[in-house]
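Dear colleague,

Please find below the structure that I am handing over to you. My notes on it follow directly after.

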Amino acid sequence: MNGKAVCTVVAIAALACCPALAEVTEVAPGVYFRPGDAERGEPNGGYIICEEYIVAVGAPSPEASARMFEEAQGLSDKPLRFLIMTQAQAANGSGVDVFIEKGVTVILEEKLRRRYEEGDKAGSFIGVLGKLVLAGGGKTVEIFTNGTAHSPHDVFVYLPKPPGVLFTGDAVVNSPEARLGNCNLENWIDTLELLGDLNALRVCPGRGGAYGANTQSTTGKHGGIAEFRDYLVKLRDEVAYQVAQGRSLETTLENVNVPGRGKYCRDEVFADHVKAVYAQLTAELPKPPAGLTPRALILIGDHYHPPAYIRPPLDAAFKKIGMPVDFLYDVTKLTAENLRGFSLLVVLRDGMVWPDNDRQAQWWLSDEQAAALGQFIKDGGGYLSLHNSTALNALGPKPNLYRDVLGASYNGHGAVDEKFTVRVVNKDHPVTRGVTDYVAVDERHDPKIHADNVVVLLEAISGEKKSVNAYARTYGRGRIVHLANGHNRKVLENPSMQKLIANAALWCSGIQR
């Protein structure tokens with residue numbers, strides 16, 4: 001009888017005589033999924049049977065630790081040598097202490113290892129910051145981190161060989177028990193994208209049942225991970241829409257709704273999810289990392305232009321050129337201090353906020369903010385003005401500082417579904433390089449030009465009507481580009497528009513390819 005068969009028979013015998021083990025299931029040869037005790041708030045975990053030892057996975061509670069040794073012994077006669085902690089939940093409850101006392105080496109996120117070290121916790125620890133691999137006996141166990149996602153101490157465990165098994169801790173859930181208290185929402189969403197790209201056929205989440213192969217999505221990404229990511233994205237976008245309109249937390253709580261949320265969040269705690277996201281979207285901006293790589297700050301979303309449709313195509317355009325971005329929804333955070341460290345500001349929104357729902361609009365761009373933007377550009381920063389950002393503080397041509405900086409003012413637009421041709425009139429400029437004429441169905445904005453150093457790049461033509469569709473200019477040591485299209489996602493995703501956004505971002509940042 002081969003090793004796999006022996007392992008399976010022993011496991012079946014143990015499960016038959018001990019009901020407590022009945023829930024431990026084999027999701028791949030020698031790889032087991034262990035549901036946590038939901039009543040105690042305990043996350044799921046598992047076991048990996050290697051050639052010479054057993055690896056336990058999870059963040060066990062004190063009550064679970066002893067049971068885990070019994071379960072492991074029921075699966076194999078090999079010693080339990082490693083515990084991989086997928087998060088820090090058990091740190092305060094000392095569930096890990098039982099493993100330490102039995103000589104098990106604990107693999108955990110590096111900052112948590114340092115915390116244990118500073119607290120004089122005895123034991124053998126291996127910190128992970130990046131990636132660590134355990135290999136041997138036909139199994140490769142990849143242990144990796146990706147910064148703060150669900151928590152500051154997330155650790156992921158992946159066995160890449162077919163069928164491919166992934167343990168996620170609470171970064172992925174399959175029950176209405178998602179917790180957002182210590183998360184970094186943006187990095188969590190990015191991390192879920194990364195996890196989905198692994199294409200694991202078996203995913204063992206932190207809460208709820210394991211996902212099987214039938215949850216693969218049509219995109220090739222794991223469907224269970226993709227659906228949970230979609231919930232977080234929709235939650236962020238819904239709250240972002242409220243924040244972009246200057247609304248309080250109380251008003252936001254009244255307005256936000258995410259259909260289908262019951263799969264990941266009970267109604268009685270949905271307000272906690274909204275509060276956690278609102279706090280992050282209105283928090284002070286972290287300082288951009290120091291370095292020479294150009295970085296963009298992108299302010300999006302208003303009453304008529306929800307951020308949900310704006311962000312994906314802008315994200316795609318900037319990924320094409322490898323420029324990192326930070327998205328901003330809270331207009332109060334557009335300050336001189338927060339512009340420091342960025343090479344480019346991008347805006348697709350108007351100058352109105354609606355703090356009292358739809359009752360009365362207010363203009364938000366202050367003289368101080370306009371001065372900060374002007375100084376940012378004068379000092380060499382770039383400004384990419386998109387669509388309706390000609391109207392950040394007025395709907396007409398009345399002189400003001402922002403108008404003088406932008407070099408143009410809002411002058412109205414046509415119907416939402418007007419069909420027009422966008423024609424390249426300056427093919428030599430870096431912004432139009434590789435761009436051909438195209439047809440758009442969009443609001444045809446007609447900016448009124450005021451500056452005398454404007455270089456018109458594109459025209460919009462609808463029958464006898466003609467308007468400036470894009471222009472470039474300099475202001476001090478900085479560069480400005482205005483692109484008028486952008487009222488709908490289809491236009492923003494048009495290949496020519498994607499090329500224009502990418503080219504404009506590079507030119508405004510002082511980069512020419």
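**The surroundings of Lys333**

Leaving aside residues up to four places away in sequence, Lys333 touches Thr282, Ala283, Glu284, Leu285, Leu328 and Asn338. Please bear in mind that this is a predicted model. Lys333 belongs to the loop between strand 14 (325-328) and helix 10 (336-339). The relative accessibility of Lys333 is 9%, so this residue counts as buried, the cut-off being under 20% relative accessible area.

Two polar partners of the Lys333 side chain should be mentioned. One is the backbone oxygen of Thr282, which the side chain reaches at 3.0 Å. The other is Asp330, whose side chain is joined to that of Lys333 by a polar contact of 2.8 Å. Thr282 thus appears both among the residues that Lys333 touches and as the owner of the backbone oxygen reached by the Lys333 side chain.

**An open sheet and its helices**

I turn next to a sheet. This sheet is open and has 5 strands, in the order 8-9-10-11-12, and the pairing is mixed. At its edges are strand 8 (131-136) and strand 12 (202-208), each of which pairs on one side only. On average, and with direction ignored, neighbouring strands of this sheet are turned by 25 degrees against each other.

Strand 11 (residues 165-174) and strand 12 run parallel and are joined by 6 bridges. Within this part of the sheet, Gly169 has Pro205 in strand 12 as its bridge partner.

Two helices pack on the sheet. Helix 5 (residues 185-197) touches strand 9 (139-144), strand 10 (156-159) and strand 11. The direction of helix 5 makes about 150 degrees with that of strand 11. Helix 6 (residues 223-244) touches strand 11 and strand 12, and its direction makes about 25 degrees with that of strand 11.

**Two residues with positive phi**

Most residues other than glycine have a negative phi. Which values does phi take in Asn199 and in His387? For Asn199, phi is near 55 degrees, a positive value in a residue other than glycine. His387, also not a glycine, has a positive phi of about 55 degrees.

Both residues lie in loops: Asn199 between helix 5 and strand 12, and His387 between strand 18 (382-386) and helix 12 (401-406). Is each of them buried or exposed? Asn199 is partly exposed, because its relative accessible area is 37%. His387, with a relative accessible area of 0%, is buried.

With kind regards

Technical notes
Residues are numbered from 1 along each chain as its sequence is written. This is a predicted model: local features need pLDDT of at least 70, side-chain atom pairs count only at pLDDT 80 or more; totals for chains, interfaces and linings use all residues. Side-chain values use heavy atoms; hydrogens and water are left out. Two strands pair if DSSP finds at least two bridges between them. Helices (H or I, at least four residues) and strands (E, at least two) are DSSP runs, numbered from the N terminus. Axes are lines fitted to C-alpha atoms, for helices over the stretch in contact, and angles run from 0 to 180 degrees between N-to-C directions. Contact means heavy atoms within 4.5 Å. Buried means under 20% relative accessible area, exposed over 50%, partly exposed in between (1.4 Å probe, protein chains only). A polar contact is a pair of N or O atoms within 3.5 Å; within protein, one must be able to donate a hydrogen and the other to accept it, and residues adjacent in sequence count only if both atoms are side-chain atoms.
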